[in-house]
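Here's a quick look at a ligand site and a couple of the residues tied to it. Have the model open as you read.

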Amino acid sequence: RTIDSLGDLAGKRVFVRSDFNVPLDADRNITDDGRIRAALPTLKRLIDAGAKVIVSAHLGRPKGEVKPEFSLAPVAARLTELLAQDVALAGDTVGEDAKARAAALEDGQVLLLENVRFDKREDSKVDADRESLAAEYASLADAFVSDGFGVVHRKQASVYDIAKLLPSAAGELVFKEIDSLSRATQNPERPYTVVLGGSKVSDKIGVIDNLLDKADRLLIGGGMAFTFLKALGYEIGTSLLEADQVDTAASYIERAKANGVTLLLPTDVVVAPEFKADSPASVVSADSIPADQMGLDIGPKSGTAYADAIKDSKTIVWNGPMGVFEFEAFAAGTKAVAQALEDGDGFSIVGGGDSAAAVRNLGFNESKFSHISTGGGASLEFLEGKELPGIAVLED
Ligand code: 3PG
């Protein structure tokens, strides 16, 4: 259901769930505001419609406790700048201050509630707990707009339960995400290439499992590549290894062969003795990683091979960096992949907070990518073909 289905919103109170789970540095400065900017179309639309806008979001995992380091204050300040109008932050999530401020809103004004995860009922496994909190949220508003795509895979009070209590709709961002991600899940234009990185195979099992029946090419990089190299029987030095996933990785290598999926693993690797920005780096063949070295990036030959596979693809999904891109010496693999996506003319989807941050922080031109998803786990679960509770509840 679209925002249109909610009818005339002038003077109405609208409770919006956004995903403002943004990275902060030690001084609590936002280091990547992509998720906040992605929320603007819905917020502007509601402001223009004359609604009284009550926005909710989580930041981190404060586990039901009020902790100042998880306050949404930096987000309220950034929203104030981006919307060019004051966005007040309530002193609590759904307490006296939130209620008083929500009641005092004027048409077109925006209020941000404090971190929903300060209330332990928000992500409780007990339905009645979440429902009681959702009832309190619902008492603040006349309608609900779900726009936090990054959190639609969570069955939580402000994402799921509230939608059962108020006239509800999906916001602009949720629609855009579903539209773009569906280009990969429903009849993707071929060749369809998936590039997976990041540290853990275990985080990506569901998606690899699903894609081995769908993609034409699967390119593996990042820390998870070493578990695959181990499955090939290579020694991997002190590189990251998930010993309990080696058999799974081996079974994926076999299944790729059986299904005719081209599985590319790094053939060369950038290694260093330590996980440090200035640790002396060298390039070695993937089958001869020295015992005292760890792989921290894919090597240049692998980068070129991956870039070639990406450039002649018609649909590309990229999730997870190829190496420790935060350190200049180990950023080349991630840059090669991002550059190939920027240069190619296929439909390119970047998913996962880290790869989206890599695109922005390494200076790539966001507009050259077809879609940069705001979802981490949510976009992976979507690509896995799982039902996402925060979307399913809007369809019921
Ligand atoms: C994310 O960062 O992927 C979303 O904001 C969800 O956060 P969560 O994994 O803490 O639920």
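Asp19 sits in the loop that runs between β1 (13-17) and α1 (34-38). Keep in mind that this is a predicted model. Arg35, for its part, lies in helix α1 itself.

Are these two residues buried or exposed? Asp19 counts as buried because it has 26 C-beta neighbours inside 10 Å, where 20 or more is enough for that label. Arg35 is buried too, with 24 other C-beta atoms within 10 Å.

Here they are side by side, with contacts that leave out residues up to four places away in sequence:

| Residue | C-beta atoms within 10 Å | Contacts |
|---|---|---|
| Asp19 | 26 | Arg35, Ala57, Gly148, Phe149, Gly150, Val151, Thr374 |
| Arg35 | 24 | Asp19, Phe20, Asn21, Val22, Gly150, Thr374 |

So what surrounds the ligand? Around it you'll find Asp19, Asn21, Arg61, Gly150, Val151, Arg154, Gly353, Gly376 and Gly377. Sorted by class, that shell has one nonpolar, five polar and three charged residues. Both domains chip in: domain 1 (3-170) and domain 2 (178-383) each supply at least three residues of the shell.

Now for the record. The unreviewed UniProt entry carries a "binding site" annotation that covers Asp19, Phe20, Asn21, Arg35, His58, Leu59, Gly60, Arg61, Arg117 and Arg154. Asp19 is thus one of the annotated positions, and Asp19 is also among the residues around the ligand in the model. Arg35 is annotated as well, and Arg35 touches Asp19, Asn21 and Gly150, among others.

Note on methods. Residues are numbered from 1 along each chain as its sequence is written. This is a predicted model: local features need pLDDT of at least 70, side-chain atom pairs count only at pLDDT 80 or more; totals for chains, interfaces and linings use all residues. A residue is near a molecule or strand if its C-beta atom, placed from the backbone, lies within 6 Å of it. Ala, Val, Leu, Ile, Met, Phe, Trp, Tyr, Cys and Pro count as nonpolar, Asp, Glu, Lys and Arg as charged, and the others, Gly among them, as polar. Domain bounds come from an automatic or database domain assignment. UniProt positions are given in the numbering used here, feature names are shortened, and annotations may be inferred rather than shown by experiment. Helices (H or I, at least four residues) and strands (E, at least two) are DSSP runs, numbered from the N terminus. A residue is buried if 20 or more other C-beta atoms lie within 10 Å of its own, exposed if 12 or fewer, and partly exposed in between; C-beta atoms are placed from the backbone. Two residues are in contact if their C-beta atoms, placed from the backbone, lie within 7 Å.
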